[in-house]
Amino acid sequence: MTAAVRAEFLKQRTIPATAGLLGGMLGLVLVAVVLHGIGLSSATLADTDNQLMVLGRGEFLGALFAALLGAMSITAEVRHGTIRPTFLASPRRGRVVAAKVAVGSLLGAGFGLAASALAAIVGAAMLDARGIDVQLDGSDYALLVAGGTAASALWAAIGVGVGAIVRNQVPTLIGITAWLLFVEGLFGENLVDVSKFAPGTLGMAVSGQEPGTLLAPGISLLLLSLYAALAATAGWMSTTRRDVV
């Protein structure tokens, strides 16, 4: 197991996709926070929930890119055929999936930390530059960053699980992106009692966003951990029971 983890770390350190995803994520976080900070009215940004929403763009994009990183860790190997020598070197496929989940979660946590911290710093600076009184205190910032880090780590594990099940890279990445960017948004206010249990919304709740509407951060973290465990287990079972393509 230790050897599989070391091998996975080496892969993630040496492939350009990891750095590319990190750079793209940080760029999008910067653009999203600045656009929200400029585009929304001062009256809108004076509200605590809206301030949390703007600074929470880091958690959202961190979770998205962490999930893509996790999914690519296995779908890229299937796509390029390197999964065959990987399984030859480590015939116990379950260990390979477990190593990808472990490494993906760790790197995902790093993605979430970077995205959440950048959004908090830039968002607070934008509010201050516009002369808007910041309603958030130290505990709010801590929850945004810590929650964003945890949510991204768990979404990376979900990405590995989904990638192991689907295996085809393009549908996997499109599906994850569509779910977070579009599908959960379809629930709307009429289905808020359902949407607050969706994995993307749980990530928002973990970081303390919309405290009057969403579940408590602790409960949300528990439920999102369950999603991650189920996805990883399903990916593990799918990998160990199907032939290598």
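**Exercise 1. Work out how H8 and H11 are placed relative to each other, and which residues join them.**

Step 1. H8 and H11 pack with their axes 7 Å apart, at an angle of about 150°. Helices here are DSSP runs of H or I with at least four residues, strands are runs of E with at least two, and both are numbered from the N terminus. Axes are lines fitted to C-alpha atoms, for helices over the stretch in contact, and angles between N-to-C directions run from 0 to 180 degrees.

Step 2. Now sort the angle: under 35 degrees is roughly parallel, over 145 roughly antiparallel, 65 to 115 roughly perpendicular, and the rest oblique. H8 and H11 are therefore roughly antiparallel to each other.

Step 3. On the H8 side, the contact (heavy atoms within 4.5 Å) uses Leu 143, Gly 147, Ala 150, Ala 151 and Trp 155. H11 brings Pro 199, Gly 200, Gly 203 and Val 206.

Step 4. Sorted by class, the contact of H8 with H11 has 6 nonpolar, 3 polar and no charged residues. Ala, Val, Leu, Ile, Met, Phe, Trp, Tyr, Cys and Pro count as nonpolar, Asp, Glu, Lys and Arg as charged, and the others, Gly among them, as polar.

A word on the model before going on: it is predicted, local features need pLDDT of at least 70, side-chain atom pairs count only at pLDDT 80 or more, and totals for chains, interfaces and linings use all residues. Residues are numbered from 1 along each chain as its sequence is written, and side-chain values use heavy atoms, with hydrogens and water left out.

**Exercise 2. Compare the span of H8 with its expected span, then look at what follows the helix.**

Step 1. H8 covers residues 138-166, which is 29 residues.

Step 2. The expected span is 1.5 Å times one less than the number of residues. For H8 that gives 42 Å, and the helix reaches 41 Å from its first C-alpha to its last, close to the expected value.

Step 3. Right after H8 comes Arg 167, in the loop between H8 and helix H9 (169-183). Its phi is near 70°, a positive value in a residue other than glycine.

Step 4. Glu 210 also has a positive phi, about 45°, although it is not a glycine. Look for Glu 210 in the loop between helix H11 (199-206) and helix H12 (217-241).

**Exercise 3. Describe how H5 packs on H8.**

Step 1. Helix H5 (residues 57-80) and H8 have axes 7 Å apart and pack at an angle of about 30°. That makes H5 roughly parallel to H8.

Step 2. The crossing of H5 and H8 is right-handed: a crossing is right-handed if the near helix is turned clockwise from the far one by less than a right angle, and left-handed if anticlockwise.

Step 3. Residues of H5 in the contact include Gly 62, Ala 66 and Gly 70, and those of H8 include Gly 148, Ser 152 and Gly 159. The contact of H5 with H8 divides into 10 nonpolar, 8 polar and 1 charged residues.

**Exercise 4. Do the same for H8 and H9.**

Step 1. Here the axes are 9 Å apart and the angle is about 135°. H8 and H9 are therefore oblique to each other.

Step 2. The crossing of H8 and H9 is right-handed.

Step 3. H8 offers Trp 155, Gly 159, Val 162, Gly 163 and Val 166, which meet Pro 171, Thr 172, Ile 176, Trp 179 and Leu 180 of H9. That contact of H8 with H9 holds 7 nonpolar, 3 polar and no charged residues.

**Exercise 5. Decide whether Ile 158, Gln 51 and Leu 186 are buried or exposed.**

Step 1. The cut-offs on relative accessible area are: buried under 20%, exposed over 50%, partly exposed in between (1.4 Å probe, protein chains only).

Step 2. Ile 158, in helix H8, has 9% relative accessibility, so it counts as buried. Leaving out residues up to four places away in sequence, Ile 158 touches Leu 224, Tyr 227, Ala 228 and Ala 231.

Step 3. Gln 51 belongs to helix H4 (residues 48-55). With a relative accessible area of 0%, Gln 51 is buried. Among the residues that Gln 51 touches are Leu 45, Leu 127 and Asp 133.

Step 4. Leu 186 sits in the loop between H9 and helix H10 (192-195). Its relative accessible area is 57%, so Leu 186 is exposed.
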